[in-house]
Amino acid sequence: QVQLVESGGGLVQNGGSLRLSCAASGRDFSIGDMGWYRQAPGKQRDLVAVITSDGMTEYDATVKGRFTISRDNAKNTVFLQMNTLKPADTAVYYCNAQYSTTSLPRATVWGQGALVTVSS
């Protein structure tokens, strides 16, 4: 079974920066697409950014140009560099990964969530 562990959330002022990390661990697995989602209080969980195993990226329009998703395939880790943060970016950020094992051709796993709070 694959697990994702997130780190890097916290409190930052309007216009500041934060970097989130998410590392996958387990045995005999292969990671595919990895992504970041966020959920603000009282709202649904929305996609922020996604990166394929060969490095292709997509971003939600609200973060394009401010956030950068990247990954280290050797370490099964995905990152989200968040710059020029706004109070509207305040949310719990969840990482997500598609993976496969010898017994599971396709599965999805979520991280535990990291709270990002941007003060005005």
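This passage describes the nonpolar core, the disulfide, the salt bridges and the ring contacts of a predicted model.

Residues are numbered from 1 along each chain as its sequence is written, and side-chain values use heavy atoms, with hydrogens and water left out. Because the model is predicted, local features need pLDDT of at least 70 and side-chain atom pairs count only at pLDDT 80 or more, while totals for chains, interfaces and linings use all residues.

The largest nonpolar core (buried Ala, Val, Leu, Ile, Met, Phe, Trp, Tyr and Cys residues joined through side-chain atoms within 4.5 Å) has 32 residues, and those with the most contacts inside it are Trp36, Leu80, Met82 and Tyr93. Here, buried means under 20% relative accessible area, exposed over 50% and partly exposed in between, for a 1.4 Å probe and protein chains only. Among the strands that each supply at least two residues of this core are strand 3 (18–25), strand 4 (29–39) and strand 9 (91–101), and strand 9 gives the largest share, five residues. Strands are DSSP runs of E with at least two residues, numbered from the N terminus.

A search of the whole structure finds one disulfide, a pair of cysteine sulfur atoms within 2.5 Å. This disulfide is formed by Cys22 and Cys95, whose sulfur atoms are 1.9 Å apart, and it links distant parts of the chain, since Cys22 lies in strand 3 and Cys95 in strand 9, 73 residues apart. Both cysteines, Cys22 and Cys95, are buried, and the torsion about their S-S bond is about 50 degrees, so the disulfide is right-handed.

Two salt bridges are present, each being a side-chain nitrogen of Lys or Arg within 4 Å of a carboxyl oxygen of Asp or Glu. Asp89 pairs with Arg38, with the closest N and O atoms 2.9 Å apart, and also with Arg66, at 2.8 Å from N to O, so that Arg38, Arg66 and Asp89 are linked in a network of salt bridges. Asp89 is buried at 2% relative accessibility, as are Arg38 at 14% and Arg66 at 10%.

One aromatic pair is counted (ring centres of Phe, Tyr or Trp, the last by its six-membered ring, within 6.5 Å; planes under 30 degrees apart are stacked, over 60 edge-to-face and the rest tilted). Tyr37 and Trp110 form this edge-to-face pair, 4.9 Å from centre to centre and with 65 degrees between the planes. The charged end of Arg45 sits over the ring of Tyr94, 3.6 Å from its centre, and Arg45 also lies over the face of Trp110, at 4.7 Å from the ring centre; the criterion requires NZ of Lys or CZ of Arg within 6 Å of the ring centre and within 35 degrees of the ring normal.

Definitions and conventions:
Helices (H or I, at least four residues) and strands (E, at least two) are DSSP runs, numbered from the N terminus.
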